[in-house]
Amino acid sequence: MKIGIFGTGAYGMALSSILAHNKCEVTMWTKFEEEKNNLEITRKNEILIPNFKIDDKIKLTTNIEECAINKDLLIIAIPAAFVDSLCVSLKPYINKDHILIATKGIEQGSGLFINEILEKHLNTNNIAVLSGPTFAVDIVKKKPIGLSVASKKPETILLVKQALQNEYVKLRETNDIIGVEICGSIKNVIALSSGMLEGLKANDSTKAMLLTEAMNDMEEILSAFGGNKRTVLSYAGIGDLLLTCTSEKSRNFSFGKLIGENPGREAIDKYLNENTVEGYYTLESIYQLLKNKKISIPIIDLIYEIAVKGKDPNLLLKFLVYKS
């Protein structure tokens, strides 16, 4: 199979390792010439994934057309904030292509989910979404992992399975695209609150209490947006929630922990300037989206008040007890 990956970040590189293992012909695109040149020479990025090298057979390019044309499957693995501009550039080359979204989040301002951005710009409805409990640094170790793949198109799911499934990668399919998108976005927001509890030195029982409440709230959000409540029980739901909310490998969890330690706004802003914290930006989007739809999810409101407005993180402990 011929695959084009848009994005040479940690997750894009991790997916490339699966594809190379499965004997796919892979081209990876980056916007930055310097990054392409460095990767061509070293085949690695020690900051993103230590001790990992991109397969020598993988081609690197800064040319969008080269990455898009004559491919069996295209994979988008760039931060949510840049998906819209990528799609605008991709538009001339897309004609009913099969596209897999490996990006999680909601576009700020518009409140669009990633699949909605693709549908707005690109001439294809052969779209799938990939999500589940996987860190890039774990994927490349070739130990068992499970992921949800969602699409309305059986042919697209089949292509994704042919490209990615093997003796250590398990894919469970669903047609609940919006449910998988929501779970992949919201779990990053919940990870902020889980990290806050860590920073507040809460015990394991309190952390478990938060995750239980969060699952109920995720069900409510799924239902409000037309998703399937059972998606909460999938790799994209409880699987990703558990991973992201309990590990310091997650930047969202680490950022939440910093907030819980209450170091002052200067330290918090410094962390945001030096790290991409998808949950923080998704929080602003989902908060506004829920307000626009007149949907009340109190835990989202509280996380917003603490993370964005700077309220006392100790409010989270009181909230868990008094939440109806």
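A residue counts as buried under 20% relative accessible area, as exposed over 50%, and as partly exposed in between. Keep that in mind for these exercises on a predicted model.

**Exercise 1.** Find Met-209 and decide whether Met-209 is buried, partly exposed or exposed.

*Solution.* Start with the place: Met-209 sits in helix 9, which covers residues 204–224. Next, take the relative accessibility of Met-209, which is 31%. This value lies between the cut-offs of 20% and 50%, so Met-209 is partly exposed. Finally, look at the surface: Met-209, Val-321 and Tyr-322 make a nonpolar patch of about 350 Å².

**Exercise 2.** Do the same for Glu-116: which class does Glu-116 belong to?

*Solution.* First locate Glu-116 in helix 5, residues 114–121. Its relative accessible area is 30%, so Glu-116 is partly exposed. Then try a distance: Asp-84 is 32 residues away from Glu-116 along the chain, and their C-alpha atoms are 10.0 Å apart.

**Exercise 3.** Explore the largest nonpolar core: which residues touch the most other members, and which helix gives the most to this core?

*Solution.* The core has 75 residues, and those touching the most other members are Phe-6, Leu-118, Phe-225, Phe-255, Leu-283 and Ile-300. Helix 8 (residues 177–199) gives the most, with twelve residues. Apart from this core lies another of 38 residues, including Ile-18 and Leu-171.

Now pick out Leu-118. Leaving aside residues up to four places away in sequence, Leu-118 touches Ile-76, Val-83, Cys-87, Ile-99, Ile-101 and Ile-127. As a general background, nonpolar side chains tend to be buried together in soluble globular proteins.

Conventions
Residues numbered from 1 in each chain as written. Predicted model: local features only at pLDDT ≥ 70, side-chain atom pairs only at ≥ 80, totals over all residues. Heavy atoms only, no water. Helix = DSSP H or I, 4+ residues; strand = E, 2+ residues; numbered from the N terminus. Buried < 20%, exposed > 50% of the residue type's maximum accessible area, 1.4 Å probe, protein only. Core = buried A, V, L, I, M, F, W, Y, C linked by side-chain atoms within 4.5 Å. Contact = heavy atoms within 4.5 Å. Patch = residues over 30% accessible without salt bridge, like charges linked within 9 Å, V, L, I, M, F, W, Y side chains within 5 Å. Areas by Shrake-Rupley, 256 points an atom, 1.4 Å probe, with all protein chains shown as cover. Salt bridge = Lys/Arg side-chain N within 4 Å of Asp/Glu carboxyl O.
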